[in-house]
Amino acid sequence: MDNRYKDMFLPACVHEVYSRRHFLLASSLATAMGQLPAWARMGERPGYNPFTLGVASGDPEPDNVLLWTRLAPAAPGLPTTLPAQSVRWELAHDSRFLHMERSGQAMALPEQGHSLHVQVDGLAPDRWYYYRFMLGDAVSTTGRCRTAPARDSLPKRLRLAYASCQRWEHGYYAAWAHMLKDPPDLVLFLGDYIYESASPGLSLGMARSHNLRTAQSLQDYRDRYALYKSDAHLQAAHAACNWAVIWDDHEVENDYAGQQGMGNAQRFAARRAAATQAFYENMPLRADTLAAGLSGPRLYRSLRWGRLAHLHLLDGRQYRDLQACRTTGAPNAGSVRPGDCQALHAASRSFLGWDQERWLYRQLAQDAGTDSRSSEQNMRWSVMAQTTLLSARRYPSGVQASDSWDGYPAARQRLMQQLSGAAGKAPRNSVVLGGDIHQNYVCALPARADLPPAPDNPVVASEFCTTSISSRSGTTQAKVDAVRAHNPQVLFARCEERGYGWADITPERWDCELRTVLNPLLANSPVLTQARFSVLDRRPGPVEG
Ligand code: FE
Ligand code: CA
């Protein structure tokens, strides 16, 4: 554990004394620095190791890498008093930095939480690199990252880990520790990187707790990321390879939809802007993410692995319509009975928002090769990396979840038309990755997603929805078994295990492993393979074994 966060695990009385001392120290420092001219403050060094939040690299592209770090404040829970700092970065071909590729300086500014997002251009495709940051005597840990293969190449392989939902209190990150033993080319993080609420306290079955209040302000969200990033396994997972991240609801507020959250609209807008800024500051994202400002970060995008895979990263939160038949301002989306909720079926409702829908359909059409290329040159695997479960999940009780795609059936069917070829040519192989439900679900997606697969309703895509890194499921296996028995499109469903998904992708096949942690209350718990599924080229639908 990072020493700076030790106080979060001390009894409340000790915590207050510790925080008060640091607050007094910090406020006297702030007053002293306020009297100095800006030029004098610029060169000041932090006087402690500022690299305790780790390093990261973002979306791999064929000719550049994106390197991230954030300078930590002197003590947790305090606004940083550190002035702007010029930080040195290095990118090399070897871990000892003997064969340097490039180096430079970048400014870490207080108004950006001292985060750095350095794009290094002009690199060769399909290469691994090592990188680190330096400030005064302090040197960050060394990170490892890579460029993507050239756009027109057909790479032999892509290895992916995908994961979501890492609630601090519910478990340690043994899943990340396991992933590190043989790092993939890329980690896809599909949402709920942090959870915004206060800790319920250390109760039975919890791994750990913290003393942070429910996040509302920019400082609150910054502190929340600093807490999560103090975990050694999570830091090491970021340093091991590139991560491509999207968000779900808990990066802002549980079950929010578009511009609508809990309580007063103005207050929610301020909360969302604060959460957005902290998300950007703490994630390895490119600067153009915030080109339109804090009210409209652009998180949906595509990553290309030559002609082997095209990964479409989707934003399922920011542009969606309100959950059907949800009471405005209610603390969660709840569930609905389709017969009792007319709004559920409205064709005007969108899950991705209309701009993102149109953008996605253009990407899928490109994958399908609607131009004059021969089909051998088309994209082999068209992948949608999104936040939640796309497949229908009918409960025996007759109610339906309203926060996942089940709550947006018309929008889901528009997407299925693209995947099935009903709206033109279909991509060669469609695979959907998701998270959010804290359960391992493997599904065969038929052309009409709301009906069971049948000879006149063929399977057109495969879905792998991963369980959580640590967050609990909130259901029982008996209930999940009943859901599976009721839904022939669901091939596999487990709720009791935490873990991550692994995919080994070649031109001929997609091999998936569902990897689960034996005991999430142990930081170094063993990890097992719960199930294996494959998808073969031009044979839609997962096959077990
Ligand atoms: Fe979650
Ligand atoms: Ca969620």
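**Figure 1. Thr467 in its surroundings.** Thr467 counts as buried because its relative accessible area is 1%. Like every view in this set, this close-up comes from a predicted model. Thr467 sits in the loop that runs between β19 (459-465) and α9 (477-486). Setting aside neighbours within four places in sequence, the residues in contact with Thr467 are Ser164, His438, Gln439, Asn440, Glu497, Arg498 and Gly499. One of these partners, His438, turns up again in the next view as a protein donor of the iron ion (ligand 1).

**Figure 2. The iron ion (ligand 1) and its protein donors.** Four side chains reach the metal here: Cys165 through SG, Asp192 through OD, Tyr195 through OH and His438 through NE2. Their distances from the iron ion run from 2.0 to 2.4 Å. If you trace the donor residues along the sequence, you will find the spacing C-x26-D-x2-Y-x242-H. Cys165 and Tyr195 link distant parts of the chain, 30 residues apart: Cys165 is in the loop between β9 (158-163) and α3 (174-179), and Tyr195 is in the loop between β10 (186-189) and α4 (218-229). Both Cys165 and Tyr195 are buried. As for geometry, the angles among the 4 donor atoms span 83 to 167°, and the site is irregular. For tetrahedral geometry all angles would have to lie between 85 and 135 degrees.

**Figure 3. Two metal ions with a shared ligand residue.** Here the calcium ion (ligand 2) joins the picture, 3.9 Å from the iron ion (ligand 1). Which residue coordinates both ions? Look for Asp192, which coordinates the iron ion and the calcium ion alike.

**Figure 4. The disulfide, and some other cysteines.** Searching the whole structure turns up 1 disulfide. Its partners are Cys325 and Cys341, with a distance of 2.1 Å from S to S. The link is right-handed, with 100° about the S-S bond. Cys325 lies in the loop between β13 (309-313) and β14 (335-336), while Cys341 lies in the loop between β14 and α7 (354-368), so the bond ties together parts that are 16 residues apart in sequence. Are the two ends buried or partly exposed? Cys325 is partly exposed, because its relative accessibility is 49%, whereas Cys341 is buried, at 2%. Why does Cys145 have no bond to Cys241? The closest cysteine sulfur to that of Cys145 is the one in Cys241, and at 10.0 Å it is too far for a bond. Cys145 is buried, with a relative accessible area of 0%, and Cys495 is buried at 1% relative accessibility.

**Figure 5. Helix α5 and what covers it.** Helix α5 spans residues 232-240 and is mostly covered, with 7 of its 9 residues buried. The buried ones are His233, Leu234, Gln235, Ala237, His238, Ala239 and Ala240. Their cover includes the strands β1 (55-57), β6 (128-135), β8 (143-146) and β11 (242-245), along with helices α3 and α4. At the start of α5, a side-chain oxygen of Asp231 comes within 2.9 Å of the backbone nitrogen of His233.

**Figure 6. Val383 in strand β15.** Val383 belongs to strand β15, residues 381-385. With 0% relative accessibility, Val383 counts as buried. Not counting residues up to four places away in sequence, Val383 touches His310, Leu311, His312, Val431, Leu433 and Trp510. Leu364 offers a handy reference point: its C-alpha is 9.3 Å from that of Val383, and the two are 19 residues apart in sequence.

Notes
Residues are numbered from 1 along each chain as its sequence is written. Chains are lettered from A and ligands numbered from 1 in the order in which they are written. This is a predicted model: local features need pLDDT of at least 70, side-chain atom pairs count only at pLDDT 80 or more; totals for chains, interfaces and linings use all residues. Side-chain values use heavy atoms; hydrogens and water are left out. Donors are N, O and S atoms within 2.8 Å of the metal (3.2 Å for Na, K and Ca); water is not among the atoms, so sites may look incomplete. Four donors count as tetrahedral if all angles lie between 85 and 135 degrees; four count as square planar and six as octahedral if opposite donors are over 155 degrees apart and all others between 65 and 115; anything else is irregular. Helices (H or I, at least four residues) and strands (E, at least two) are DSSP runs, numbered from the N terminus. Buried means under 20% relative accessible area, exposed over 50%, partly exposed in between (1.4 Å probe, protein chains only). A disulfide is a pair of cysteine sulfur atoms within 2.5 Å. Contact means heavy atoms within 4.5 Å. A polar contact is a pair of N or O atoms within 3.5 Å; within protein, one must be able to donate a hydrogen and the other to accept it, and residues adjacent in sequence count only if both atoms are side-chain atoms.
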